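This briefing goes through one protein chain, from its overall form down to one pair of strands. Keep the sequence and the 3D view open while reading.

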Amino acid sequence: MRDFLRKVFLADLFEGLWVTLRAQHPKNIVTEQYPAARPKVAERYRGAPRLNINPENGETLCIACDLCALACPENLIVVGWERNPETKRKELTTFTYDTSRCMFCGLCEDACPVDALELTQDFELASYSREGQIFDRQMLEEGIHPTPYKH
Ligand code: SF4
Ligand code: SF4
């Protein structure tokens with residue numbers, strides 16, 4: 001009898017409508033308003049790579065040790081360097097990072113002994129070509145993206 005009355009009075013339909021109506025309350029809306037409002041990503045999120053600069057002298061922190069390139073399972077980092085004849089130290093000349101092949105595992109970041117390479121929380125990495133996914137040293141140091149997003 002109960003089932004019969006539920007069917008006659010369309011109880012299931014009204015229950016469903018009530019669920020829909022309840023979800024219209026502003027406090028229940030979960031749609032991200034991106035790009036108008038940037039979403040907050042998880043603390044441990046690994047996104048766009050960055051090569052850190054020493055804030056005191058403006059020089060790169062990278063010592064061109066190549067450990068990040070060796071740690072990368074995808075072999076997508078290429079570190080260019082030359083030896084300074086006076087100091088006998090290796091100095092960074094070029095640095096390329098192909099984000100199109102990167103799986104953002106963070107092994108390169110972990111391998112860096114001087115915290116020069118960092119995977120930031122920046123997630124806007126889209127570009128119109130595969131070549132555009134390759135970050136060079138200037139892009140990595142200055143936070144330039146392949147196709148800057150206009151907010
Ligand atoms: S995050 Fe992983 S795949 Fe990407 S460059 Fe670093 S080590 Fe390679
Ligand atoms: S591991 Fe760090 S210091 Fe060594 S080459 Fe990579 S970014 Fe530079």
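The points below cover overall form, domains, secondary structure and one hairpin. The model is predicted. The protein chain has 151 residues and a radius of gyration of 25 Å, whereas a compact globule with that number of residues would have one near 15 Å.

**Overall form**
- Along the principal axes, the box filled by the C-alpha atoms of the protein chain is roughly 95 × 30 × 30 Å.
- Of the 151 residues in the protein chain, 11% are buried.
- Among contacts in the protein chain with a separation of 6 or more, 64% are between residues 24 or more positions apart.

**Domains**
- The domain assignment splits out two stretches of the protein chain: domain 1 covers 1–30 and domain 2 covers 49–142.
- A distance of 55 Å separates the C-alpha centres of domain 1 and domain 2.

**Secondary structure**
- The protein chain contains five helices and five strands.
- Read from the N terminus, the order of these elements is α-α-β-α-β-β-α-β-β-α.

**The hairpin of strand 2 and strand 3**
- Strand 2 spans residues 77–83 and strand 3 spans residues 90–98.
- Strand 2 and strand 3 are paired in the antiparallel sense, with seven bridges between them.
- One of the bridge partners can be named: G80 is matched with T94 in strand 3.
- Six residues lie between strand 2 and strand 3 in this hairpin.
- K88, in the turn, has a positive phi of about 65 degrees.

Conventions
Residues are numbered from 1 along each chain as its sequence is written. Chains are lettered from A and ligands numbered from 1 in the order in which they are written. This is a predicted model: local features need pLDDT of at least 70, side-chain atom pairs count only at pLDDT 80 or more; totals for chains, interfaces and linings use all residues. Helices (H or I, at least four residues) and strands (E, at least two) are DSSP runs, numbered from the N terminus. The radius of gyration is taken over C-alpha atoms; the globule rule is 2.2 Å times the number of residues to the power 0.38. A residue is buried if 20 or more other C-beta atoms lie within 10 Å of its own, exposed if 12 or fewer, and partly exposed in between; C-beta atoms are placed from the backbone. Two residues are in contact if their C-beta atoms, placed from the backbone, lie within 7 Å. Two strands pair if DSSP finds at least two bridges between them. Domain bounds come from an automatic or database domain assignment.
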